Amino acid sequence: MPDDSSSTSESTVTRETSARAGRQLAQDRELPEGAPAWLPVLSLWPEVTEASHAALVACFGETRARWPEFEGWLRSTGLATPVPDSDPASLVVGPEWLPTLARALDGLLDDAEARAMLVRCSHPELRPPILTAVAEWARTAGRWDVLQDLWRQVADNAANIPDGVLLVYADLPSDARRDYPILTWASAVAEADAATPASRRTAVFLNRMILDSALLHANWALREDTDTAVFAGILRMIGERHLPPSARPLEAAWRTKQDLDKFIDERSREGRPPTRLSHSLFRVTSGQLAVYRAELGDAVAEARWGGILALGPSTSDLAVGIEALAQSLAGEVRSPDAIGPPAPSPENFRFGCLSQMSAVMTTLARGRESLQSLDRAGVESALRAVSQDTAAIAGVWASWVGLEALHAAIWGDAPQGLNRLFAALADQPMGVREQDEPMGDLMLGRARAILLSRIGAFGAATLSTDLIAERFRTVPLARTLLWAGQLGPAVRTMELTLPDPKLLHSDRLQLLIIRGAATMLDGSISDDIRSDTITALRHLLVDRSYLPLAMLPRRARDAVLDLARSLASDPETSGRFAELLDRLPDTSEGGGEVGLLRLTEREEVLLPLLAGSESIPDIARRLHVSVHTVRTQVATLREKFQASTRAELVRKAGSYGALN
């Protein structure tokens, strides 16, 4: 009787021997004679159609290859067999040929010319596996130069980077990121894309950028290759900007920017200038820093320079976005014809890529322009399109928060808007530094001041303006004093600022409007102030910059409009005047409007005395008036502040900023 265990063992050995023989046969198998150079690509896409054949033929520049002949050759060599009932007709590569094709693909990818041809393949089904194969081969082979070049080619259309390619760029070795600085950015995008939950994307992206800036790119100036040095210096600038406030991050980043300027100049004089790619990215990054420094003219100049040098859409689009944002922050409103089609939604792009940043900036620029022209729907559209995370990663978080706050101040509920502003400041994403920088400080400070004024907290509004950089403080302070009814102090606040030649054009127009309103209300307007007010309003109408009127108390706004009523019939401004009247919001909506208080000079003197401990008779003696006069003035003040007691009067006067 035969031994069953022995028979089973012999059968197993036979199968293993056959399998090894099959694998050896596959390894020894050579491609048939006459195979086209691109044939190994079929290991990535084993099902062959006439369309995929045409795409590969086009990529490799073949002109005579025809599908019927190729189909026949595949069948005759046994490489592929027809797929039954396929429409369109297709063939599938035999599994026994796949190891041979995969081995040949490594050799094909090692050839720079063939690799370039493959990367250019635009077939929608072939492109993802080809790009993934190139990326995986480059990482396995340690060809960081290939990974860098591949990123340069795919980053312009980062929304369509295959997931398999992004996985290759995640967590690249530190020597790869040090020697090829672009890979730091690629790794940051890849790692953020894979972050879970999605709320961690900002932290993951910035961690990579900040750590590499400090550990890998601090010695950027010592790099021999000019482009490598410039790219590393750019990453150093970006990382320094996110240092803790104690390290004065924006100043540190700006010093590196200035050092890079000198470095590029020196290398250019040596005959080793940077390529347009690295130089353009440096210029647009410099433009971003200039925006943060509230140097908007310099930001526009740097962005335009970067746009001229740009070779790809990602950098040129970012340059356009920075320029548009800088101009909108300066109060400019482009004509509808100059705006062009809407920017793509930032959510359509890979998180952290340049294309997403340009979409964020362009969208916020349009939102700011819509705010200036009181286009409520345009503002709300921008706020829906940009999230806190995409605004933070683009470095314009304060612009986004400020736009939301001003929307609440003009059209919404002021107390709710103030709460949202404070919540945003308390819950800002990692790495956000805008509130410590001139532009962020300006936008957030002005938004806070108008919201506080809308709810009648004039004292807090006045104090909040102290936090704004001195060169930008006058407008919100003068406007707050106007809301508080302190007309004389509002005008005096402007006296030293209006002649300043460095004053922003938009700020000058706002101050002239505020001065005109204040002097109209107290009856002291002069002919020259009247003329200046009308001229300023004319400029605002021509520019479609209606926001300064919407931020005034109702009585002050109406006074200016009455003063400049002639503009309603002027052919140059009549249409805009009508549009302004149509778009001005009813300030009784939402947060409402606190009554504009007007204090006489005697009341301004009396209020601080009432806050002290002196009695009414003592105050009367100090002021050299009768007790009856003081009591009458106190009664008037209590009525103005709707206070039932002296203590309540003092408390409310303090909140209104009237106790100076």
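**Salt bridges, cores and cysteines in a predicted model**

Q: Is Lys 257 buried or exposed?
A: Lys 257 is buried; its relative accessible area is 5%. Please note that this structure is a predicted model.

Q: Which residue forms a salt bridge with Lys 257?
A: The partner is Glu 302, and the closest N and O atoms of the two residues are 3.1 Å apart. This pair links distant parts of the chain, since Glu 302 belongs to helix α15 (residues 296-309) and Lys 257 to helix α13 (residues 249-269), 45 residues apart.

Q: And Glu 302, buried or exposed?
A: Glu 302 counts as buried, at 11% relative accessibility.

Q: How many salt bridges does the structure hold?
A: There are 37 salt bridges in the structure. One of them joins the side chains of Asp 212 and Arg 177, with an N to O distance of 2.7 Å.

Q: What does the pair of Asp 212 and Arg 177 tie together?
A: Asp 212 is part of helix α11 (residues 201-215), while Arg 177 is part of helix α9 (residues 174-179), so their salt bridge ties together parts that lie 35 residues apart in sequence. Asp 212 is buried, with a relative accessible area of 2%, and Arg 177 also counts as buried, at 7% relative accessibility.

Q: What about Glu 614, which residue does its side chain meet?
A: The side chain of Glu 614 meets that of Arg 622 in a salt bridge of 3.2 Å, N to O. Glu 614 counts as partly exposed, with a relative accessibility of 24%.

Q: Which residues are joined into one network by salt bridges that share partners?
A: That network consists of Asp 171, Arg 177, Glu 191, Arg 208 and Asp 212.

Q: Changing topic: how many residues are in the largest nonpolar core?
A: The largest nonpolar core has 182 residues, and those touching the most other members are Trp 151, Tyr 169, Phe 205 and Leu 549. Helix α21 (residues 397-410) supplies the largest share of this core, namely 10 residues.

Q: What does Tyr 169 touch?
A: Leaving aside residues up to four places away in sequence, Tyr 169 touches Arg 139, Leu 147, Leu 150, Trp 151, Leu 183, Ala 186, Ser 187 and Ala 190. Apart from the largest core lies another core, of 16 residues, and its members include Leu 606, Ile 616, Val 630 and Leu 649.

Q: On to cysteines: how many disulfides are there?
A: The structure holds zero disulfides. In general, a disulfide is a covalent bond between the sulfur atoms of two cysteines.

Q: Why is there no bond at Cys 121?
A: The cysteine sulfur closest to that of Cys 121 is in Cys 59, but the two are 3.5 Å apart, which is too far for a bond, because a disulfide requires sulfur atoms within 2.5 Å. Cys 121 counts as buried, at 1% relative accessibility, and Cys 353 counts as buried at 3%.

Q: Where is Glu 369 found?
A: Glu 369 is found in helix α18 (residues 354-372). At 4% relative accessibility, this residue counts as buried. Its side chain makes a polar contact of 2.7 Å with the side chain of Arg 334.

Q: Last one: where is the place of Asp 85?
A: Asp 85 sits in the loop between β2 (80-82) and β3 (90-93). Asp 85 counts as exposed, with 82% relative accessibility. Its C-alpha atom is separated by 53 Å from that of Arg 178, which is 93 residues apart from Asp 85 along the chain.

Terms used. Residues are numbered from 1 along each chain as its sequence is written. This is a predicted model: local features need pLDDT of at least 70, side-chain atom pairs count only at pLDDT 80 or more; totals for chains, interfaces and linings use all residues. Side-chain values use heavy atoms; hydrogens and water are left out. Buried means under 20% relative accessible area, exposed over 50%, partly exposed in between (1.4 Å probe, protein chains only). A salt bridge is a side-chain nitrogen of Lys or Arg within 4 Å of a carboxyl oxygen of Asp or Glu. Helices (H or I, at least four residues) and strands (E, at least two) are DSSP runs, numbered from the N terminus. A nonpolar core is a set of buried Ala, Val, Leu, Ile, Met, Phe, Trp, Tyr and Cys residues joined through side-chain atoms within 4.5 Å. Contact means heavy atoms within 4.5 Å. A polar contact is a pair of N or O atoms within 3.5 Å; within protein, one must be able to donate a hydrogen and the other to accept it, and residues adjacent in sequence count only if both atoms are side-chain atoms.
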